[in-house]
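Student: Could you take me through one part of this model in detail, the place where two helices pass each other, and then set it beside the strands and the ligand surroundings?

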Amino acid sequence: MSGNPYKDDRGNKDASITKQGGVGVLESRPGTGKSMSSASAFLIGDTMTGGYGTGPDILHDCTIAVDPGEIAVIVGPNGAGKSTAMKAVFGMLNVRQGSVRLDGEDITELTPQDRVAKGMGFVPQTSNIFTSMTVEENLEMGAFIRRDDFRGTMAQVYDLFPILKEKRNQPAGELSGGQRQQVAVGRALMTQPKVLMLDEPTAGVSPIVMDELFDRIIEVARTGIPILMVEQNARQALEIADKGYVLVQGRNAYTGTGKELLADPEVRKSFLGG
Ligand SMILES: Nc1ncnc2c1ncn2[C@@H]1O[C@H](COP(=O)(O)OP(=O)(O)OP(=O)(O)O)[C@@H](O)[C@H]1O
Ligand SMILES: [Mg+2]
């Protein structure tokens with residue numbers, strides 16, 4: 001054991017870094033369109049309905065959730081509301097009906113800042129790094145809510161993403177797409193989150209870099225940090241998903257384990273290219 005929680009392979013069920021929430025139970029088979037996760041999930045956006053400002057509802061009874069030790073993946077066509085669902089869970093959207101709960105606590109009314117303080121880490125789809133700041137300054141920004149010494153966490157992030165240590169004094173804007181995504185994930189890890197939300201962490205990277213990023217994400221999940229992530233690379237993402245959601249037009253269309261969704265003929269035909 002290296003003593004590094006991002007490195008040690010302690011199995012997917014080790015939730016020592018997180019608070020143990022309830023155990024998610026499969027309540028519906030894929031294709032039913034109902035939520036599969038019980039009300040006791042560690043992080044849950046539960047039957048959320050809402051939209052931007054006073055605009056029309058984008059989400060309709062949409063449920064996404066993740067439990068300790070899990071990677072939950074959200075897939076669906078462009079404009080399906082995947083990012084909107086993530087923003088709703090993070091508090092950037094009016095949730096007109098439904099609720100968001102973290103570790104049993106109703107946080108529907110909290111600001112995003114307060115949710116970070118409660119242990120949520122969020123990497124948005126766009127503008128997720130400060131391009132004119134160095135890699136290290138980006139990581140320091142990530143630690144903005146911490147009052148304690150965060151150098152140990154920074155060392156862990158550098159262990160997880162060694163290239164970032166090499167480039168720590170370079171402006172983040174000079175890095176490749178895959179490296180920028182590492183900065184964004186690293187920044188989110190600096191708060192020592194209890195749950196990590198990633199919106200398309202592999203957007204715009206080559207298949208090889210995508211595989212590498214997925215490996216690092218699995219590594220983070222193994223430390224016990226549950227991961228809720230949106231992915232454009234649906235097939236590859238469902239392969240590593242304990243739980244998958246297919247969203248269509250702001251609604252849950254299919255829900256199941258990654259394996260179940262990959263095996264579902266309807267899901268394959270409509271969303272996975274056959
Ligand atoms: N800031 C915004 N204000 C108003 N409407 C928005 C805003 N952002 C997104 N929308 C609308 O919400 C709907 C869902 O968009 P969203 O970005 O959540 O989809 P997505 O599934 O993440 O798509 P993609 O795969 O392209 O990332 C779209 O109709 C979009 O036009
Ligand atoms: Mg999106």
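**A helix crossing and its setting**

Tutor: In this predicted model, helix α3 passes helix α6 in a right-handed crossing. Helix α3 covers residues 135–142 and helix α6 covers residues 177–189, and their axes come within 7 Å and cross at roughly 35°. On the α3 side the contact is made by Val135, Asn138, Leu139, Met141 and Gly142, which meet Val183, Gly186, Arg187 and Ala188 of α6. Sorted by character, the residues of this contact of α3 with α6 divide into 5 nonpolar, 3 polar and 1 charged.

Turning to the strands, β1 (residues 43–51) and β4 (residues 94–102) pair in the antiparallel sense over 7 bridges, and within this pairing Gly50 has Val95 in β4 as its bridge partner. Strand β4 also pairs with β5 (residues 105–106), again in the antiparallel sense, over 2 bridges, and here Leu102 is partnered by Glu105 in β5. Strands β4 and β5 form a hairpin with 2 residues between them, and in its turn Asp103 has a positive phi of about 50°.

As for ligand 1, the residues around it include Tyr52, Gly55 and Ile58, a run written as Gly79, Ala80, Gly81, Lys82, Ser83 and Thr84, and also Gly76, Asn78 and Gln125. The shell around ligand 1 divides into 3 nonpolar, 8 polar and 1 charged residues, whereas the contact of α3 with α6 has 5 nonpolar, 3 polar and 1 charged.

How values were computed. Residues are numbered from 1 along each chain as its sequence is written. Chains are lettered from A and ligands numbered from 1 in the order in which they are written. This is a predicted model: local features need pLDDT of at least 70, side-chain atom pairs count only at pLDDT 80 or more; totals for chains, interfaces and linings use all residues. Axes are lines fitted to C-alpha atoms, for helices over the stretch in contact, and angles run from 0 to 180 degrees between N-to-C directions. Helices (H or I, at least four residues) and strands (E, at least two) are DSSP runs, numbered from the N terminus. A crossing is left-handed if the near helix is turned anticlockwise from the far one by less than a right angle, and right-handed if clockwise. Two residues are in contact if their C-beta atoms, placed from the backbone, lie within 7 Å. Ala, Val, Leu, Ile, Met, Phe, Trp, Tyr, Cys and Pro count as nonpolar, Asp, Glu, Lys and Arg as charged, and the others, Gly among them, as polar. A residue is near a molecule or strand if its C-beta atom, placed from the backbone, lies within 6 Å of it. Two strands pair if DSSP finds at least two bridges between them.
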